[in-house]
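Good morning, colleagues. Thank you for making time for this short presentation. Please take a moment to look at the model on the screen.

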Amino acid sequence: MSQTQIFHDHEADRGHRVKWYAKRVVIYTILLTWAFICLFPIYWTITTSFKLAPDVMQGNMIPFVDYTPEWRGWRSLGLSPDTIGEYSTVRAEFMKRFLNSIIVALSASTLAVVLGSLAAYGLSRFEYRLGFMRNDDISFFFLSQLILPPVVLALPFLVLYREIDLLDSRIGLILLYTLTVLPIVIWIMRDQFSSIPVELEEAALVDGLSIWGAFLTIIMPIALPGMVAAFILSLVLTWNEYFFAALLTSTDATTLPVMVASQTGSQGINWWSMAALSTAAILPLVVIGIVLERYIIKGMAAGAVK
Amino acid sequence: MSQDRLYVVTNDQITPGRARAGQVMVWGSFAILVLVAAWQVLGGYEVVTDFANWRPTLYAYLFFVTCYCISLVVRYGEQGKRRLFVVPATIFVLSMVFFPLIFGLTIAFSDWNLSAVNGQQFNGFDNIRQMWHDDFYWNALTNMVWYTLAILVEYAIALGLALLLNSQIRARKFFRVAFLLPLMLSPVAVSWMVGKSMLEARFGPVARLARSLGIDNPSFFGDAETARAMIMIMDAWTFIPFMMIMLLAGLQAIPKDIQEAARVDGANPWQNFWEVTFPLMLPVSITAIMIRIIFKLKLADIIINVTSGGPGGATDSVTSFIFREYRDRSNVGYGTMLAMVYLVFIIIGFTLFMKLAARWMRPKY
């Protein structure tokens with residue numbers, strides 16, 4: 001059955017299509033370029049950890065094509081398959097730092113989320129008068145801590161911690177890190193709680209729960225995604241913190257960033273072992289970033305949009 | 001009296017005895033704190049036997065704080081339980097910020113070399129005088145202005161990326177994750193990954209690229225301007241995702257019908273952006289820029305690890321300068337004074353910024 005085409009695309013419509021395709025191409029080129037800019041340093045670091053000295057100098061880029069990957073960098077950390085069973089001082093050192101980082105980041109984030117959520121909940125539900133401070137003043141008081149640069153607190157804390165013997169201790173770091181992320185947690189959580197209707201607690205209170213009971217059993221589960229978001233954001237910030245850790249720790253409580261930094265200072269860097277160390281330091285957060293991206297974005301979006 | 005959002009009628013019977021018990025708890029634990037502190041102060045003058053450190057006072061303080069929190073419930077019943085939501089965080093921040101700040105003020109006006117024997121020596125305004133003639137400090141402050149101005153470029157890039165991510169594209173999740181990743185990396189790792197290896201003058205891939213583009217001797221940290229630009233780029237690389245995501249959230253919150261209405265009324269995409277989207281994005285933009293400035297003012301890790309301020313202090317930020325000031329001379333007094341002055345500048349700057357922002361954000365129509 002032959003049928004003549006009745007409707008023809010108008011010249012203008014076809015031009016529109018071409019324009020549309022051109023626009024697509026431009027958009028995807030920009031997106032891909034930026035994705036390349038974002039991912040290349042990570043790719044570079046991970047591949048460098050499998051290179052040997054000549055590979056680095058010749059600038060080989062693609063594993064298995066340009067060069068054969070070796071476990072050289074990981075062996076120097078004691079983390080390659082053939083050395084993982086044996087005892088290695090470098091690995092012991094690395095694991096100690098790694099553990100310190102995990103403990104400090106997790107505890108500080110937990111503490112900040114607990115303190116911050118409680119405060120944010122209180123501020124979103126009740127009118128307070130602490131001395132001269134009303135609710136708005138209290139909120140401002142918490143948030144104003146954000147503009148305090150760490151360097152202002154660093155040296156006083158150095159002296160203070162020396163006096164109370166908290167220098168080079170995890171507890172000292174945890175307390176300081178909690179302080180630095182607390183305003184952010186309060187900011188995110190205040191937003192979360194004020195979007196939860198008060199009627200929920202009113203119903204719970206009528207049914208005989210206490211205020212804390214209502215908070216723990218009714219409100220917390222609803223606000224949990226927000227808390228997770230705040231927690232992960234705190235985790236990222238505390239895991240990566242370097243300034244306080246470099247200043248306040250020396251041997252026992254040193255965290256991973258300090259270890260990475262202490263290796264870069266030396267002359268004639270071992271590229272492969274540095275790359276392996278950097279990879280190991282960033283990998284946990286890269287994984288978290290890929291898996292929990294939703295929560296991180298939610299956390300950062302919470303404060304932005306009112 | 002303003003009303004609680006969650007209003008509950010409570011029927012508390014606080015007996016006088018209970019109220020008194022609460023009073024006793026607070027003042028009793030406070031007395032213990034004062035006693036312990038006094039003992040330690042006297043111990044410092046060798047009047048009584050001294051402790052090794054100030055831990056006992058710390059414990060007494062913690063005990064006092066705990067007693068205070070408990071006594072809130074004992075004294076005020078339901079009202080006290082409500083206060084218990086806010087009080088712990090408030091006490092935490094107060095003790096972690098205000099005591100050190102006041103303590104820091106006393107340090108700032110003294111000459112205190114931590115490794116010296118004679119300890120803290122008050123020297124009045126000597127530190128300020130020294131600061132006044134310290135060219136490196138003023139240089140670091142000017143650098144901070146440059147670093148902060150770089151935020152405008154970062155903002156433009158972040159807004160562009162957010163607009164692209166918000167348009168109709170495929171594989172949006174992949175791009176979002178890829179764009180987010182730099183934010184997850186620690187600045188120290190970045191300073192090695194990018195600053196020390198990729199920008200390495202001989203073998204680094206960027207140097208290779210530059211050489212193939214015809215630049216003979218690429219050196220990224222040789223002269224002041226390039227080095228500063230490199231620091232800015234590395235810092236931007238880590239933090240553009242942050243602004244981008246905040247702006248993306250703002251874009252997604254704009255109701256679609258407003259833009260459609262503008263399109264129906266004959267606005268071309270350019271007008272649509274400048275007359276509709278951009279003004280609606282102003283509040284989010286200002287929040288994002290403000291938070292970005294806050295993070296920028298802390299900038300130190302990359303500088304400490306890549307250039308340690310060089311060449312000749314050209315890349316120094318205030319934080320990295322004070323860090324080295326302490327590392328090299330372990331003089332806490334001078335460093336603290338510099339930090340305090342920095343804080344004063346920041347507070348003045350922020351107050352001005354907030355005033356200006358409030359004026360901008362006022363609706364035009």
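I shall begin with one chain as a whole, move to the contact between the chains, and end with a pair of helices and a single residue.

Please bear in mind throughout that this is a predicted model.

Let us start with chain A. Its secondary structure comprises 13 helices and 0 strands. Reading along the sequence, one therefore meets helix after helix, in the pattern α-α-α-α-α-α-α-α-α-α-α-α-α. As for its dimensions, the C-alpha trace of chain A extends over about 75 × 75 × 35 Å along the principal axes. The radius of gyration of chain A is 27 Å, whereas a compact globule of 306 residues would be expected near 19 Å. Of the 306 residues in chain A, 45% are buried. We may also ask how far apart in sequence the contacting residues of this chain lie. Considering contacts in chain A between residues at least 6 apart in sequence, 72% connect residues that are at least 24 apart.

I turn now to where the two chains meet. Chain A contributes 85 residues to the contact, and chain B contributes 81. Which helix gives the most to the side of chain B that touches chain A? That is helix α3 of chain B, residues 78-108, which supplies 16 residues. Sorted by class, this side of chain B holds 56 nonpolar, 14 polar and 11 charged residues.

Within chain B, I would draw your attention to two helices, α6, residues 172-184, and α9, residues 224-253. Their axes are 7 Å apart, and the helices pack at an angle of about 125 degrees. Because of that angle, α6(B) is classed as oblique to α9(B). The crossing of α6(B) past α9(B) is left-handed. From α6(B), the residues involved are F179(B), L180(B), P182(B) and L183(B); their counterparts in α9(B) include W237(B), F239(B), F242(B) and M244(B). By class, this contact has 10 nonpolar residues, 1 polar residue and no charged residues.

Finally, let us consider one residue, A162(B), which lies in helix α5 of chain B, residues 135-166. Is A162(B) buried or exposed? It counts as buried, because 24 C-beta neighbours lie inside 10 Å, and the threshold is 20 or more. Leaving aside residues up to four places away in sequence, A162(B) touches M244(B), L247(B), L248(B) and L251(B). A162(B) is also 7.1 Å from I245(B), C-alpha to C-alpha, although 83 residues separate the two in sequence.

Thank you for your attention.

How values were computed. Residues numbered from 1 in each chain as written. Chains lettered and ligands numbered in written order. Predicted model: local features only at pLDDT ≥ 70, side-chain atom pairs only at ≥ 80, totals over all residues. Helix = DSSP H or I, 4+ residues; strand = E, 2+ residues; numbered from the N terminus. Buried ≥ 20, exposed ≤ 12 C-beta atoms within 10 Å, placed from the backbone. Contact = placed C-beta atoms within 7 Å. Rg over C-alpha atoms; globule rule 2.2 N^0.38 Å. Axes fitted to C-alpha atoms, helices over the stretch in contact; angles between N-to-C directions. Parallel < 35°, antiparallel > 145°, perpendicular 65-115°, else oblique. Left-handed = near helix turned anticlockwise from the far one by under 90°. Nonpolar A, V, L, I, M, F, W, Y, C, P; charged D, E, K, R; others polar.
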